[in-house]
Amino acid sequence: MIKLTFCLRRLPQLSREEFQSYWRETHGPIVQKHRSALRFTIYNQIHTIEDPVGTALAEIRDAPAAFDGVAEMIWASRDDLEAAMTSAEGRAAGRELLADEKRFIDLKSSPVWLGKIPVSLPAG
């Protein structure tokens, strides 16, 4: 499986609440609308929460500021991802998603990367 991880930072004019509300209520449905064109099997939104434990863990590690959320898209195979990126429908979906992302995500401060998920992990 191939996983796209997108570590999101909001545009500076948005509060975290406004950002997460837009992401959940507006952008999420656009992603789901394009599920077949993009050929992904899983889409997750992980919203950052304010919590003393998270704050303490970050302080102990001298960590940078938290992201406002993390988006995950998972494809069954590299071939599915490539087919989505090269088909006319997939490219059109990607353009629509990017146009919407520019409305709420600080793209220059939001890393994105691909990774491979092993099919099975050894039992621990």
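In this predicted model, helix 3 is followed by Asp62, a residue with a positive phi, near 50 degrees. At the opposite end of helix 3, the N-terminal one, Asp51 acts as the cap. A side-chain oxygen of Asp51 lies 2.8 Å from the backbone nitrogen of Val53. Helix 3 comprises residues 52-61, and of these ten residues the number buried is zero, so the helix lies largely in the open.

Aromatic contacts were examined next. The structure holds four aromatic pairs. One of these is formed by Phe19 and Phe104, whose rings are tilted, with 5.4 Å centre to centre and 40 degrees between the planes. Phe19 belongs to helix 1 (residues 16-33), whereas Phe104 sits in the loop between helix 5 (88-101) and strand 4 (112-116). The pair thereby links distant parts of the chain, 85 residues apart. Both Phe19 and Phe104 are buried.

Phe104 also forms an aromatic pair with Tyr22. This pair is likewise tilted, at 4.9 Å centre to centre and 45 degrees between the planes. Because Tyr22 lies in helix 1 and Phe104 in the loop between helix 5 and strand 4, the pair ties together parts that are 82 residues apart in sequence. The relative accessible area of Phe104 is 0%, and the residue is therefore buried. Tyr22, at 23% relative accessibility, counts as partly exposed, since buried requires a value under 20%. Ring pairs join Phe19, Tyr22, Trp23 and Phe104 into a cluster.

Definitions and conventions: Residues are numbered from 1 along each chain as its sequence is written. This is a predicted model: local features need pLDDT of at least 70, side-chain atom pairs count only at pLDDT 80 or more; totals for chains, interfaces and linings use all residues. Side-chain values use heavy atoms; hydrogens and water are left out. Buried means under 20% relative accessible area, exposed over 50%, partly exposed in between (1.4 Å probe, protein chains only). Helices (H or I, at least four residues) and strands (E, at least two) are DSSP runs, numbered from the N terminus. A polar contact is a pair of N or O atoms within 3.5 Å; within protein, one must be able to donate a hydrogen and the other to accept it, and residues adjacent in sequence count only if both atoms are side-chain atoms. Rings of Phe, Tyr and Trp (its six-membered ring) pair if their centres lie within 6.5 Å; planes under 30 degrees apart count as stacked, over 60 as edge-to-face and the rest as tilted.
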